[in-house]
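Trainee: I have a new model to look at. Can you show me how to read it, feature by feature?

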Amino acid sequence: MSSIQRNNTTTVSEFLLMGLPIPPEHQGLFFTLFLVMYLATVVGNLLIILLIRMDSRLHTPMYFFLSHLAFTDVSFSSVTVPKMLMDMQRIHKSIPYAGCMSQVYFFIWFGSVDNLLLAVMAYDRYVAICQPLHYTTIMRQKKCASLVSASWVYACLRSLLHTLLLVRVIQRDNKTTVSEFLLLGLPIPPEHQGLFFTLFLVMYLATVLGNLLIILLIRMDSRLHTPMYFFLSHLAITDVSFSSVTVPKMLKDMQSIHKSIPYAGCMSQMYFFMWFGSVDNILLALMAYDRYVAICQPLHYATILRQEKCVSLVSASWVFCSLRSLLHTLLLIRVSFCDNITIPHFFCELTVLLKMSCSDVSLNEWFLFIDVGTFVFLPFITIVCSYIRIWATVMKDPSAKRFFKVLSTCGSHLLVVSLFYGTITEVYVFSSPSVSSAKEIAASVMYMIVTPMLNPFIYSLRNRDIKQALKLFVNRMKSCSSNNLI
């Protein structure tokens with residue numbers, strides 16, 4: 001299969017919409033009708049959300065699902081109706097290519113979530129009517145939050161897959177269509193390939209098993225059902241996902257001569273890499289905020305970081321990071337690569353792909369500069385400010401006992417933050433044309449493979465609660481094995 005295919009079709013920059021089959025003399029009537037219906041949809045559903053939020057009697061699984069259904073209904077309608085109303089007042093009904101792809105993505109996403117929520121609400125009614133005595137046990141708050149979060153994430157992935165498949169069908173450029181990229185991989189001499197393959201394989205397995213163990217311990221031990229460990233469990237999920245986006249492909253390429261990746265695979269890898277990396281970034285900030293509240297406002301800790309708020313913060317992080325990653329991916333799709341298809345890296349990295357482009361990437365670079373300046377540094381500033389406040393609180397009443405207590409509470413998080421931001425800064429801030437690509441790749445390996453692997457060890461070796469949960473888990477395993485032998 002050739003890596004570059006010539007395409008002589010017309011360049012697609014926008015689509016023309018036929019609109020609704022309404023006679024011109026009735027346009028005003030139908031415009032008013034649909035506008036009133038849309039406003040009723042938005043105001044009605046937002047009122048439902050507000051009432052559920054304000055009335056504590058409505059804080060039940062049924063109304064929790066209903067509030068999310070109301071939100072998706074508003075979002076689902078807002079994807080198409082405003083554009084439809086605007087086109088009813090125009091002669092030239094067009095939509096840009098990127099706008100069309102975005103509309104498809106959000107239409108499928110919100111529609112899928114709506115569908116899943118209706119099924120979850122049916123299950124809720126089944127449990128309430130058929131198993132009323134076990135309702136509070138089965139439909140506990142954490143399970144409801146997990147069902148809703150899983151619906152949003154699954155629908156997002158489904159929508160992304162359909163959008164990427166559609167992008168492959170619609171050829172935008174009459175210049176050159178890239179069907180695959182070639183990856184240079186890691187700069188390792190051939191005689192050392194086997195050694196490094198084994199090393200990275202062991203590190204990846206340690207990352208997956210270590211982080212899954214952290215999740216399992218937090219899930220099993222009720223003493224760890226606190227905001228701090230709730231955020232830690234999500235950090236462990238993102239670490240496993242973050243490594244799994246690139247490392248398996250890297251290991252496969254280390255054993256093959258032709259290191260290629262399909263165009264759609266490259267776009268997907270970049271999407272998930274940015275998504276999980278962004279969630280990781282926000283979670284570190286949330287964990288710093290959690291430590292600030294625990295140390296500086298201990299009497300209000302349970303009130304400020306109640307379970308519902310923690311779930312909302314984490315869910316918002318996943319959804320917002322998905323949208324951020326999607327926007328970067330859609331902006332990259334409009335870029336042409338001509339004959340340059342060799343990526344001097346072991347994965348599809350946004351800044352490397354922009355350097356390879358033969359078209360105008362000023363919009364991509366401008367958005368990337370704004371995005372990094374706000375999205376990356378704001379969480380970092382949150383972390384710094386949180387620890388400044390923590391340090392100021394400790395210094396008001398200094399004592400060796402309190403100092404070591406704070407150090408044991410925050411030390412693990414500080415170490416993880418230092419590793420994450422240190423390597424990220426090395427790659428994206430201090431890198432320059434004079435810095436060799438080998439050094440950039442080495443720094444990428446650090447934050448992509450080494451840091452996720454070290455996180456579970458850092459938290460388990462320096463955390464008393466995790467150690468106790470691990471001992472309890474080992475004892476349970478021993479008792480189970482002894483019972484099986486008997």
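Trainee: How many helices and strands does the chain have?

Mentor: Keep in mind that this is a predicted model. The chain has 15 helices and 7 strands.

Trainee: What share of the 486 residues is buried?

Mentor: Buried residues make up 45% of them. The accessible surface of the chain is about 25300 Å². Carbon and sulfur atoms account for 69% of that surface.

Trainee: Among contacts between residues at least 6 apart in sequence, what percentage join residues at least 24 apart?

Mentor: The figure is 81%.

Trainee: Let's turn to the sheet. What is the order of the strands in the open sheet?

Mentor: The general idea comes before the case. In a regular strand, side chains alternate between the two faces of the sheet. Here, the open sheet has 3 strands in the order 6-5-7, and the pairing is mixed. Strand 6 and strand 7 are the edge strands, each with a single partner, so each has one side without a neighbour in the sheet. Helix 8 packs on this sheet and touches strand 5, strand 6 and strand 7. The direction of helix 8 makes about 85° with that of strand 6.

Trainee: Which sense does each pairing have, parallel or antiparallel?

Mentor: Take them one at a time. Strand 5 (residues 180-183) pairs with strand 6 (residues 260-262) in the antiparallel sense, over 3 bridges. In that pairing, glutamate 180 stands opposite proline 262 of strand 6. Strand 5 and strand 7 run parallel and are joined by 2 bridges. There, leucine 183 has isoleucine 343 of strand 7 as its bridge partner.

Trainee: Now the interior. Which residues have the most contacts inside the largest nonpolar core?

Mentor: Again, start with the general idea. In soluble globular proteins, nonpolar side chains tend to be buried together. In this model, the largest nonpolar core has 121 residues, and Phe181, Phe200 and Leu353 have the most contacts inside it. Helix 8 gives the most to this core, with 20 residues. A second, separate core has 7 residues, among them Val42, Val74, Val81 and Leu85.

Trainee: Which residues is phenylalanine 181 in contact with, leaving aside neighbours within four places in sequence?

Mentor: Read the list in sequence order. Phenylalanine 181 contacts Lys259, Ser260, Ile261, Tyr263, Cys266 and Met267, among others. The list also includes Phe337, Ile341, Ile343, Leu353 and Met356.

Trainee: Cys266 appears there. Which cysteine forms a disulfide with cysteine 266?

Mentor: The test is simple: the two sulfur atoms must lie within 2.5 Å. Cysteine 266 and cysteine 348 pass, with their sulfur atoms 2.0 Å apart. By this rule, the count is 1 disulfide.

Trainee: Which parts does the pair tie together?

Mentor: Cysteine 266 lies in helix 8 (residues 263-296), while cysteine 348 lies in the loop between strand 7 (342-343) and helix 11 (350-356), so the pair ties together parts 82 residues apart in sequence.

Trainee: Why is the disulfide called left-handed?

Mentor: Look at the torsion about the S-S bond. It is about -125°, so the disulfide of cysteine 266 and cysteine 348 is left-handed.

Trainee: Is cysteine 266 buried or exposed?

Mentor: Cysteine 266 is buried, because its relative accessible area is 0%. Cysteine 348 also counts as buried, at 0%. Two further cysteines can be read by the same rule. Cysteine 144 is buried at 2%, and cysteine 321 is buried at 0%.

Conventions. Residues are numbered from 1 along each chain as its sequence is written. This is a predicted model: local features need pLDDT of at least 70, side-chain atom pairs count only at pLDDT 80 or more; totals for chains, interfaces and linings use all residues. Side-chain values use heavy atoms; hydrogens and water are left out. Helices (H or I, at least four residues) and strands (E, at least two) are DSSP runs, numbered from the N terminus. Buried means under 20% relative accessible area, exposed over 50%, partly exposed in between (1.4 Å probe, protein chains only). Two strands pair if DSSP finds at least two bridges between them. Contact means heavy atoms within 4.5 Å. Accessible areas come from the Shrake-Rupley method with a 1.4 Å probe; for residues, only the protein chains shown count as cover. Axes are lines fitted to C-alpha atoms, for helices over the stretch in contact, and angles run from 0 to 180 degrees between N-to-C directions. A nonpolar core is a set of buried Ala, Val, Leu, Ile, Met, Phe, Trp, Tyr and Cys residues joined through side-chain atoms within 4.5 Å.
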